[in-house]
Amino acid sequence: MSKYQRNEPCPCGSGKKYKKCCGAFNITDFSSEVINGELDRLHQQFVSFAMNKHSQTIDEQMTRFTKSDYDNEDMNEIYKTGLMIWILLNVACLQGGQTIFDAFFQAYRNRIKHQAQHIFRQWPNAVPSVYEVLGVDQASGQLSAKELLTDKTYPIPTAEGETFMEGSLIIGTLVPYADRYNFFYSMIKLYSYDKENVMELLRHYAAKDDGLNTHFPAFLTDALLHEADSDEHQQHDRVVQLFANHMVDKGFSDEVILKGIDLWNKYCKQETPSFVKSESYAAALEYFVQKTVLNNTAMTQGQVASEYGASHGTVSTHYRKLSQTLADTKQ
């Protein structure tokens, strides 16, 4: 493992110079793999601790911050995922003004290896933000993502089989490891959102008193609701998000999801469809992908229409349009 210069910023994300942070503990004398393995274990233990010991508190915080602005259950679940990331690390919701992270660290600190402990205790300093996917190195499988507010680029490992769309956005909290970063708990992939509008929202809430961390629920609400506008382009983007959400919930790979998004973008480029209810086109898109990409003969139009809360007849009409336009591009 390469050595860090003593006056360089510490890779753990503390903001201190290396010599005054991890360098003081000779952290480079230990394998990064060993330390990262310990941090992965702590990550899993912390989430399990939170769910088992503080589920009622988490539910109370979810109720406190959840709005009824979403008319789509999928969007509501995405919002709750974002809240969970924020609540576990950043919200002082326990007695004495403690966070759930504070409670876990206090209970387990004596069991954490010293080198990993110094990095782990920096995790609450991380706050949710938005990152643009710059690309994935095919050899290492490492994702490169740029934080929109700071333009800082982060190296992030990816799970096997996980793919990302270049230029898409991710909402999440990056926490430091020994020689890299990783998203805490989960992430929200925004496949087709307007970057400039999200950037404007980020700046707006970051400029408020106490910054984005305090106002994250409001930012997340506005960012997700932005797609509910009636503008034609935004309606097209909403179809993408609905389709992607359903496919993710069903466990389909990012490769299949990205294929469906590519087909939809080709269709919109050729036909420029105009419609009111995004759910009907999203259902038709999934049915098209199920039938023509995945060769799933068991799926019915009625079934997929029901899953999206759409009319069977409208889904059938949209499916025919998709089939006619995409007949030569489905493979």
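This briefing walks through a sheet, a helix that packs on it, and the empty spaces in the structure. The model is a predicted one. Its open sheet has five strands, and helix 8 packs on that sheet. The largest pocket holds about 380 Å³ of space, and there are also two cavities of 30 Å³ or more.

**The sheet**

- Reading across the open sheet, the five strands come in the order 3-2-1-4-7, and their pairing is antiparallel.
- At the edges you will find strand 3 (153-157) and strand 7 (188-190), each of which pairs on one side only.
- Neighbouring strands of this sheet are turned by 35° against each other on average, with direction ignored.
- A good pair to look at is strand 1 (residues 129-136) with strand 2 (residues 142-147), joined in the antiparallel sense by five bridges.
- To see where these strands meet, find glycine 135: its bridge partner in strand 2 is serine 144.

**The helix on the sheet**

- Helix 8 covers residues 216-225 and packs on the sheet, where it touches strand 1, strand 4 (169-172) and strand 7.
- The direction of helix 8 makes about 155° with that of strand 4.

**The largest pocket**

- As a general idea, empty space shows up when a probe the size of a water molecule is rolled over the atoms.
- The largest pocket, with about 380 Å³ of space, has a lining of 19 residues.
- Nearest the centre of this pocket lie Ile78, Met187, Asn245, Val248 and Asp249.
- Two or more lining residues come from each of helix 3 (73-90), strand 7, helix 9 (232-249) and helix 10 (254-271).
- Helix 9 gives the most to this lining, with five residues.
- By type, the pocket lining divides into eight nonpolar, six polar and five charged residues.

**The second largest cavity**

- The second largest cavity has a volume of about 30 Å³.
- Around the second largest cavity sit Thr163, Phe164, Met165, Ser168, Leu169, Ile170, Lys189, Leu190 and Tyr191.
- Strand 4 and strand 7 are the elements that give two or more residues to the lining of this cavity.
- The lining of the second largest cavity is made up of six nonpolar residues, two polar and one charged.

**A strand to follow through the model**

- Strand 7 is a handy landmark: this edge strand of the sheet is touched by helix 8, and strand 7 also gives residues to the lining of the largest pocket and to that of the second largest cavity.

Definitions and conventions:
Residues numbered from 1 in each chain as written. Predicted model: local features only at pLDDT ≥ 70, side-chain atom pairs only at ≥ 80, totals over all residues. Heavy atoms only, no water. Pairing = 2+ DSSP bridges. Helix = DSSP H or I, 4+ residues; strand = E, 2+ residues; numbered from the N terminus. Axes fitted to C-alpha atoms, helices over the stretch in contact; angles between N-to-C directions. Contact = heavy atoms within 4.5 Å. 1 Å grid on protein atoms, 1.4 Å probe; cavity = no way out; pocket = protein on both sides within 12 Å on 5 of 7 lines; lining within 4 Å. Points joined across faces, edges and corners; volume = space filled by probe spheres on them. Nonpolar A, V, L, I, M, F, W, Y, C, P; charged D, E, K, R; others polar.
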